Amino acid sequence: MFEKLVEIICNYVEVEPENVKPESRFMEDLGFTSFDFMSMLGELEDEFEIEIDQEKAADIRTVQEAVDYLSQLKAE
């Protein structure tokens, strides 16, 4: 899950995969804009065949939080 998320992140912002860490924050560390983040969420929904709750997504700050949330959705 982490590796796939890193691959998708690198499609949205100019960052090397090895620089994306679990503790990396989307906005502050990786340079995401709100638009980038929302676009990425749409791609994640398609990729993992899940539905992301927009309110919960707004609370996601780090890559690890995203991994945890996606894993939880996949398990349901």
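## Exercises on a nonpolar core and its aromatic neighbours

**Exercise 1.** Which residues is Leu5 in contact with, leaving aside its neighbours within four places in sequence?

*Solution.* Start at Leu5 in this predicted model and set aside the neighbours within four places in sequence. What remains is Met40, Leu44, Val63, Ala66, Val67 and Leu70.

**Exercise 2.** Find which members of the largest nonpolar core touch the most other members, and which helices supply the core.

*Solution.* Begin with the members: the core has 25 residues, and those touching the most others are Leu5, Ile9, Phe26, Leu30, Met40, Leu44 and Ile52. Next, turn to the helices. At least two core residues come from each of H1 (2–12), H2 (34–48) and H4 (63–75). Of these, H4 gives the most, with six residues. As background, nonpolar side chains in soluble globular proteins tend to be buried together.

**Exercise 3.** How many aromatic pairs does a search of the whole structure find, and which residues form one aromatic cluster?

*Solution.* The search finds three pairs. Take Phe26 and Phe32, one of them: their rings sit 5.3 Å apart centre to centre, with 90 degrees between the planes, an edge-to-face arrangement. Now move on to Phe32 and Phe37, also edge-to-face, at 6.4 Å centre to centre and 80 degrees between the planes. Together, Phe26, Phe32 and Phe37 make up one aromatic cluster.

**Exercise 4.** Are Phe32 and Phe37 buried or exposed, and why?

*Solution.* Buried means under 20% relative accessible area. Phe32 has 4% relative accessibility, so it counts as buried. Phe37 has a relative accessible area of 6%, so it is buried too. Phe26 is buried as well.

Note on methods
Residues numbered from 1 in each chain as written. Predicted model: local features only at pLDDT ≥ 70, side-chain atom pairs only at ≥ 80, totals over all residues. Heavy atoms only, no water. Core = buried A, V, L, I, M, F, W, Y, C linked by side-chain atoms within 4.5 Å. Buried < 20%, exposed > 50% of the residue type's maximum accessible area, 1.4 Å probe, protein only. Helix = DSSP H or I, 4+ residues; strand = E, 2+ residues; numbered from the N terminus. Contact = heavy atoms within 4.5 Å. Phe/Tyr/Trp six-rings, centres within 6.5 Å; stacked < 30°, edge-to-face > 60°.
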